[in-house]
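Here is a short tour of one structure, written for someone who likes to check geometry by eye. Keep the viewer open as you read.

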Amino acid sequence: MSNESTAKIFGVAFTLCLVCSLLVSTAAVGLKSIQEANKVRERKVNILKAAGIYDEDASVDKLFQQIESKVVDLSTGEYVDIDAVTYDQRKAAKAPETSVAIKAGKDLAGIGRRAKFANVYLLKDGDTLKRVVLPVHGKGLWSTMYGFIALAPDFNTVKNFGFYEHAETPGLGGEVDNPNWKALWVGKKVFDEKGEVALDIVKGAVSASDIKAVYKVDGLAGATLTCNGVENLILYWLSEDGFTPYLKRLAAEGGKNNG
Ligand SMILES: Cc1cc2nc3c(=O)[nH]c(=O)nc-3n(C[C@H](O)[C@H](O)[C@H](O)COP(=O)(O)O)c2cc1C
């Protein structure tokens, strides 16, 4: 058969495609467990960062031993007897039997449904709670942004806030990842004297003379729409529909023995 014959050209092309697809699928299957392990590690790193104990020179698994992982029923604020290590709140939010639809008027985060139960992470010193880390997510301009907010044991002061996944525009909405912006959140208060969520991202810079400055964070220039999304997801997740029942319960227990 000559090299120019149509049958030979198709034969070679077919064999090449077959070999390549075998190589790609073998690599995909073979690397799946590594990818899964990397995902788990990445999540732990983000929780450790939110808890304020991440150290790039230390073993992530060892550091994570300081974190108590729990699953909480958002409607009651009580812990549920579910394995916190394997519970996947993002997966649960997609299935009708493990999630609830959010009424349109209440859906500030623009997510449609939320899981009935949420992962929460506690950093403790003995019996004393040091920080509580809560997962939050909501719509930005282009994407759903996923992050963690860490609160002090007064359940009001922000210790850390940041996103670990989003697809906002680099240099605009993507500036939510800018360490300088994230630093502005530390020390801010979530709830006002009436217990209402008061955190507010303002357009421009917060005036130093503003008596409500403790609730306010500078907006990102050219990214008002993403900032609106950030503010709204905080409003949602720290509302009665989100973590408020849980935070109230922790506060009633005085930040102690709440594991
Ligand atoms: C290509 C492109 C990407 C943009 N990406 C974002 C973004 O990620 N987040 C955002 O809030 N605004 C983004 N904007 C800008 C918005 O359309 C809007 O102008 C901006 O949010 C207004 O913010 P400002 O009031 O601070 O100027 C983008 C605009 C363009 C043209």
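## Helix α6 and what follows

To fix terms first, helices are DSSP runs of H or I with at least four residues, numbered from the N terminus. The model you are looking at is a predicted one. In that numbering, α6 is followed by Gly254, whose phi is positive, near 70°.

Helix α6 spans residues 244–252, and its buried residues are Tyr246, Leu247 and Leu250. They sit on the same side of α6, because the arc they cover around the axis is only 95°. The background is familiar: an α-helix has 3.6 residues a turn, so residues three or four places apart point the same way. As for what that side meets, the buried residues of α6 pack against β1 (67–73), β4 (117–125) and β5 (128–139).

## The five-stranded sheet

Those strands belong to an open sheet of 5 strands, ordered β1-β4-β5-β6-β7 and paired in the antiparallel sense. At its edges are β1 and β7, each of which pairs on one side only. From one strand to the next, the twist averages 25°. As a reminder, strands of a sheet pair through backbone hydrogen bonds, either parallel or antiparallel.

Let us walk through some of the pairs. β4 and β5 are antiparallel partners over 5 bridges, and Asp125 stands opposite Thr128 in β5. Next along, β5 and β6 run antiparallel and are joined by 8 bridges. They form a hairpin with 4 residues between them, and His137 has Tyr146 of β6 as its bridge partner. Helix α5 (residues 224–237) lies across β5 and β6, running at about 125° to β5.

## Strand β6 and the hairpin to β7

Is β6 enclosed or open to the outside? It is largely enclosed by the rest of the structure, because 6 of its 8 residues are buried.

Strand β6 (residues 144–151) pairs with strand β7 (residues 158–165), antiparallel, over 6 bridges. Two positions help you find the register: Ile149 stands opposite Phe161 in β7, and Leu151 has Val158 of β7 as its bridge partner. The hairpin of β6 and β7 has 6 residues between the strands.

One residue here deserves a click. Phe155 is found in the loop between β6 and β7, and its phi is positive, about 55°, although it is not a glycine. Where does Phe155 fall, buried or exposed? With 20 other C-beta atoms within 10 Å, Phe155 is buried; the cut-off for that class is 20 or more.

## Around the ligand

Which residues surround the ligand? The list runs through Leu141, Trp142, Glu168, Thr169, Leu172 and Gly173, and then Ala221, Gly222, Ala223, Thr224, Leu225 and Thr226.

If you are thinking about the chemistry of this shell, its makeup by class is 6 nonpolar, 5 polar and 1 charged residues. Glycine is counted among the polar residues here.

## Two partly exposed residues

Val60 is found in helix α2 (residues 60–64). It counts as partly exposed because it has 17 C-beta neighbours inside 10 Å. Setting aside residues up to four places away in sequence, Val60 touches Arg41, Lys44, Val45 and Leu48. For one of these contacts there is a distance to check: Val60 and Arg41 are 19 residues apart in sequence and 7.3 Å apart in space, C-alpha to C-alpha.

Lys216 lies in strand β9 (residues 216–218). With 19 C-beta neighbours inside 10 Å, Lys216 also counts as partly exposed, since the buried class begins at 20. Beyond its neighbours within four places in sequence, Lys216 is in contact with Asp200, Val202, Val206 and Asp210. If you want a distance to Val132, Lys216 lies 21 Å from it in space, C-alpha to C-alpha, and 84 residues from it in sequence.

Terms used:
Residues numbered from 1 in each chain as written. Predicted model: local features only at pLDDT ≥ 70, side-chain atom pairs only at ≥ 80, totals over all residues. Pairing = 2+ DSSP bridges. Near = placed C-beta within 6 Å. Buried ≥ 20, exposed ≤ 12 C-beta atoms within 10 Å, placed from the backbone. Arc of directions from axis to C-beta. Contact = placed C-beta atoms within 7 Å. Axes fitted to C-alpha atoms, helices over the stretch in contact; angles between N-to-C directions.
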